[in-house]
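Colleague: Please take a close look at one part of this model, the surroundings of the ligand. I should like a connected account that also takes in the backbone geometry and the pocket space elsewhere in the chain.

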Amino acid sequence: MAKKMSGKITAGLLSAVMLGVAVPFAGSLVNTNSGKVTAAEGTVLYSNDFEDGEVGKFNPRMNEGDSVKLTVTTGDAAHGGSSFLSCTGREKSWQGISLPAEGLMEPGEEYMVSAAVKAQWYCEVVMSMQYDDSTGTTHYVNIQKATSQGEWQEFDQVKFSFPKGSTNCSIYFEGNGDAKVELYLDDFTLSTVPEAELEDIASLKDLYSPYFRFGTAATDSELASKSAQKLIKKHFNSLTPGNELKPESILDQAACQSKGDNVDPQIKIDAARGILDFCRDNNIPVRGHTLVWHSQTPGWFFKEGFKDDGDFVSKEVMIQRMENYIKNVMNALAKEYPTVNFYSWDVVNEAWLDDGSYRKPGTYDQDRNSSGWVQVFGDNSFIEYAFRFARKYAPEGCKLYYNDFNEYMPQKTAAIVKMAEELKAEGLIDGIGMQSHLDVRSGSDAFPSVSAYEKAMKAFVDTGLDVQVTELDATVSSNDEAGFKKQADYYKDILDCCKKYADNISAVVLWGTTDDKSWRASQTPLIFNGDFTAKPAYYSITEDMKMPENIPTEPTQTTEPTTTEPVTQPEPSTTDPVITTTPPTDEPTTLPPSQPATPGEEDVKASKYGDVDMNGTVELADVTKLSKYLLNSETFPLGSKVAELNSDVTHDGMVDSRDLSKLLEYNIGKIPESEL
Ligand code: GLA
């Protein structure tokens, strides 16, 4: 006999998902705004109602020797039918019921679980996930919680994904609170998440193309959703990885320590691969975020030997660490993602306090507002070093930004303007990023007011630098029709302000795609609902706009290497895809007709095969030059016959994509220079 439900838990977010570690998202397709569930049923991958008396694919979650047991219990305490799974013998809160991913779930794909859970007596039952990252570090992430006092609670279409490239993945149910409490599970279903039909509405990036790029931010787990991918491809032409290019995602402590070089931080870009693959495959330009920041940067980065308990290093050491970190990041990205357009980078994030002073010394692990950079440098003088190194190592054409929040607080605006002008005089900075985490409050007092926001924007524009709105979201005063209307009006005013200064604004980027995945999910700050439908704010910022007649297409960064063999990464990772781009075309891209030879040119010879930019060495910059040339986005390398001859590394009398492919192979160590 089935027991009556006492409560139905529609999945919501547990945490500020874009803050902290790269946390996979939980959520359901329940749209809190309209109350409608749009998802069709997914394909069921595994289900168990325990009516056949079998525990099935579930395992007890415990260490060897522990006495956690899973048994099927029969009786009218079942949620549905007459049987359910009991987990007994628990001694620790993390012990419980586990379902390994093997044979059922793949990293990088999105799944959902519906199930009934119950605790013997008062206890929070938590659905969680576990996986190892590429360094072998195990992560444990809470996905959904429900408090049970001996009655069944339903988890309804709780969505999750394992990060691309992760291993040893499983989901599990544990009990938070009384460790000895028995847990029960019934009517469990694991299924795929069906793709949402996108609404037939105008593309933001197309509509806004006469003004600026329209972008968004996403984390790896958000991109596991095929519907999110579709939405991003349709509406946005700039993508900011939400966490994956931050120092804490990139720095590899074990490798730093084992290299034994106190000034050369070792890095890994594995966390960013899912997003960068997506950007590469869909030709979406990337905003790199962020190189130098007090937050989401491990304390050990500032310590001797890269040890948690080391002393703080000297300024001299830290300058070298900073240079090598920036160099290593830029080189790794250029090498593994030569075709991704990193069109902007946030070089320094959030260095100024609201009163225009610098942060307190200390580390983020100890105090979220302190800065390891200020600890080591004594003040904000690290900023200039950061921009110098970024300028030195960033790809050609990549614009460099200082990025901050509450940028409209008058003393902060002034501090940023002063710093930006000094950096500009040195030719080190290209723009200012206004994060723009805004709030529509009750009454008429949105924070900031549109006029305060405009004042800051104008002050930044007046520096002569570019401005980007880098993390736009605006929380609602109330999650109802009236709240969404106010939010829509505010969004419109902010976007109108951006349009007014559009000559000096190159991008407006939202911090997240759908409300349910936002770091401020409960305040629904974005313009798309969790079910991928547009909110009133989408309509308000598009209502008066006309689709332009000529919508520019994104130039491709390079063409597909014509080798039949995939080009592998220099440091092979077990699962990640190889460097490939658009599907190969039959015809190689060929040179435009040669320019008329200048006297004596007939006799010239190549100076060094592969040295496209003729600086004496063959390096990744030559690949970039050649690809730009082949795409006609630059005139032939330097207009020189020697450069042209140097580019013909296949020695077939033509400069085409085969040369590009061969040059790339050399740069990633597949062939020696002697073969060029
Ligand atoms: C700041 C950071 C972002 C992000 C948001 C909150 O604005 O720049 O990287 O962490 O906070 O999610």
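Modeller: Helices and strands are here DSSP runs, of at least four residues for a helix (H or I) and at least two for a strand (E), numbered from the N terminus. The model is predicted. In these terms, F50 belongs to the loop between β2 (44-48) and β3 (59-61). Although F50 is not a glycine, its phi is positive, at about 65°.

The ligand has 13 residues around it, and those that come nearest are K246, H289, Q435, H437 and E471. Side-chain N or O atoms of three of these residues can be paired with oxygen atoms of the ligand. For H437 the distance from such an atom to a ligand oxygen is 2.9 Å, for K246 it is 2.8 Å, and for E471 it is 2.3 Å. The ligand taken alone exposes 300 Å², of which the protein buries 96%. By residue class, the shell consists of five nonpolar, five polar and three charged residues. Domain 2 (203-237 + 405-549) and domain 3 (241-401) each contribute at least three residues to this shell.

Two cis peptide bonds can be considered alongside this site. H289, named among the nearest residues to the ligand, is joined to T290 by a cis peptide bond with omega of about 5°. T290 itself is placed in strand β15 (residues 286-293). A cis peptide bond also runs from F447 to P448, where omega is near -5°. P448 is found in the loop that lies between β19 (437-439) and α10 (450-461).

Domain 3 also takes part in another region of the model, the second largest pocket. This pocket has a volume of about 900 Å³. Its lining comprises 33 residues, and A334, A394, P395, E396 and T624 are the closest to its centre. At least two lining residues come from each of α6 (315-336), β16 (342-349), α8 (382-393) and α13 (620-630). The lining as a whole divides into 17 nonpolar, 10 polar and six charged residues. Because domain 3 (241-401) and domain 4 (620-675) both give residues to the lining, the second largest pocket lies between these domains.

To return to the ligand, domain 3 shares in its shell with domain 2, whereas at the second largest pocket domain 3 and domain 4 both supply lining residues.

Note on methods: Residues are numbered from 1 along each chain as its sequence is written. This is a predicted model: local features need pLDDT of at least 70, side-chain atom pairs count only at pLDDT 80 or more; totals for chains, interfaces and linings use all residues. Side-chain values use heavy atoms; hydrogens and water are left out. A residue is near a molecule or strand if one of its heavy atoms lies within 4 Å of it. A polar contact is a pair of N or O atoms within 3.5 Å; within protein, one must be able to donate a hydrogen and the other to accept it, and residues adjacent in sequence count only if both atoms are side-chain atoms. Accessible areas come from the Shrake-Rupley method with a 1.4 Å probe; for residues, only the protein chains shown count as cover. Ala, Val, Leu, Ile, Met, Phe, Trp, Tyr, Cys and Pro count as nonpolar, Asp, Glu, Lys and Arg as charged, and the others, Gly among them, as polar. Domain bounds come from an automatic or database domain assignment. On a 1 Å grid over the protein atoms alone, a cavity is a set of points where a 1.4 Å probe fits but cannot get out, and a pocket is an open set with protein on both sides within 12 Å along at least five of seven lines; lining residues have an atom within 4 Å of a point. Grid points are joined across faces, edges and corners, and a volume is the space filled by probe spheres set on the points.
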